[in-house]
Amino acid sequence: MTQGTLLSGAVTPSPREDLVELLRPQACALLTVECQRGVVGPDSALPELAAVAQESGALGRVAQLVAAAHDTGVQVLHAVAERRADGRGANRNAPLFRAVERLPVRQLTGSAAVEIAEPVPVAAEDLVVRRLHGLSPIAGTEVDALLRNLGCRTLVITGVSANVAIPAAVFDAVNLGYTAVVPEDAIAGVPASYTPAMVRHTLALVAAVTAADEVVACWRRTAVTPSRSSFPAP
């Protein structure tokens, strides 16, 4: 069990010192991956994935992390996957992409399906990065440039799915020189049993694996600003 995991009636352990340094809010950002209504909401195009995200508590812990980031001055980015109604620019070079085209719920630009799903809060200072192609929320998007301009060196990666987009984000972050941190209880995939196997045998080799509670404890320990909402307008 990861140190930060809360047990019923137990006191939250102190965060690991190595994580405290990695997660200093001034150089850290939180990325939510495809936490949108058409993926993890009640009318999901992928109901099995949505059910696992809800029932495992992963979506609730993403919401917890976003709220804590808002309180401690950590920049939040929401990565959204969407499509044009005419499909222009979308990939068709893998079975997954072709299957998505046949789903009854489509992640169309401007539709409710691409809104951030409850209970994840969205603040005015959050950045929403939308992509029309590919598997990764980082490759070919604005995420890298935004992080560099913000001075971020550590990226906390949450959301769905542990099957595809989460490992793609972790690999891309590491390849670009960022330190990836994965709260293993704030990601989900299908079947539910696949996520811990992915974490143990793949993500733990390239990312710092922790739990949502430990990330929050680190942020609160080193926060120097009450909220990014208090930043003056440029």
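Me: Before we start, what counts as a polar contact here?
Reply: A polar contact is a pair of N or O atoms within 3.5 Å, and within protein one of them must be able to donate a hydrogen and the other to accept it. Keep in mind that this is a predicted model.

Me: Okay, so which side chain does R131 pair with?
Reply: The side chain of E34, through a polar contact of 2.9 Å.

Me: Any backbone oxygen close to the R131 side chain? Which residue does it belong to?
Reply: L135. Its backbone oxygen sits 3.4 Å from a polar atom of the R131 side chain.

Me: Where is R131 in the fold?
Reply: In strand β3, which covers residues 127-131.

Me: Buried or exposed?
Reply: R131 is buried, because its relative accessibility is 7% and the cut-off for buried is under 20%.

Me: What else does R131 touch?
Reply: Leaving out residues up to four places away in sequence, R131 is in contact with E34, V80, A81, E82, S136, P137 and T141.

Me: Back to E34. Where does that one sit?
Reply: E34 is in the loop between β1 (28-33) and α2 (37-40). E34 also counts as buried, since its relative accessibility is 14%.

Me: What about the backbone of E34, what's its phi?
Reply: Positive, at about 55°, although E34 is not a glycine.

Me: Switching to pockets. How much space is in the largest one?
Reply: About 660 Å³. The lining has 31 residues, and those closest to the centre are E34, L46, A81, L96 and V100.

Me: So E34 turns up again. Which helix gives the most to that lining?
Reply: α5, with four residues. Both α3 (47-55) and α5 (95-101) supply at least two residues each.

Me: And how does the pocket lining split by class?
Reply: There are 19 nonpolar residues, six polar and six charged.

Me: How many cavities of 30 Å³ or more are there?
Reply: One, from a search of the whole structure. The volume of the largest cavity is about 40 Å³.

Me: Which residues line the largest cavity?
Reply: The lining is made of C35, V40, A53, A58, L59, V62, G159, V160, A186, I187 and A188. By class, ten of the lining residues are nonpolar, one is polar and none is charged.

Me: Which elements do they come from?
Reply: α4 (58-72), β4 (154-160) and β6 (187-188) supply at least two residues each. The most comes from α4, with three residues.

Me: I see C35 in that list. How many disulfides does the model have?
Reply: Zero.

Me: Why is C35 too far for a bond?
Reply: Because the closest cysteine sulfur, in C28, is 16 Å from the sulfur of C35, and a disulfide needs the two sulfurs within 2.5 Å. C35 is also buried, at 2% relative accessibility.

Me: And C218, how far is the closest cysteine sulfur from that one?
Reply: The sulfur of C218 has its closest cysteine sulfur in C28 too, at 9.2 Å, and that is too far for a bond. C218 is buried, with a relative accessible area of 0%.

Me: New topic, cis peptides. Which residue does E118 join through one?
Reply: P119, with omega at about 5°. P119 is placed in the loop between α5 and β3.

Me: And what about the bond from V190 to P191, cis or trans?
Reply: That bond is cis, with omega near -10°. P191 falls in the loop between β6 and α8 (194-206).

Me: Last one, A169. Where is it?
Reply: A169 belongs to helix α7, residues 165-175. A169 is buried, as its relative accessible area is 0%.

Me: What does A169 touch?
Reply: S136, P137, I138 and I157, again not counting residues up to four places away in sequence. S136 and P137 are also among the contacts of R131.

Me: How many Å separate the C-alpha atoms of A169 and A208?
Reply: They are 14 Å apart, and the two residues are 39 residues apart along the chain.

Terms used:
Residues are numbered from 1 along each chain as its sequence is written. This is a predicted model: local features need pLDDT of at least 70, side-chain atom pairs count only at pLDDT 80 or more; totals for chains, interfaces and linings use all residues. Side-chain values use heavy atoms; hydrogens and water are left out. On a 1 Å grid over the protein atoms alone, a cavity is a set of points where a 1.4 Å probe fits but cannot get out, and a pocket is an open set with protein on both sides within 12 Å along at least five of seven lines; lining residues have an atom within 4 Å of a point. Grid points are joined across faces, edges and corners, and a volume is the space filled by probe spheres set on the points. Ala, Val, Leu, Ile, Met, Phe, Trp, Tyr, Cys and Pro count as nonpolar, Asp, Glu, Lys and Arg as charged, and the others, Gly among them, as polar. Buried means under 20% relative accessible area, exposed over 50%, partly exposed in between (1.4 Å probe, protein chains only). Contact means heavy atoms within 4.5 Å.
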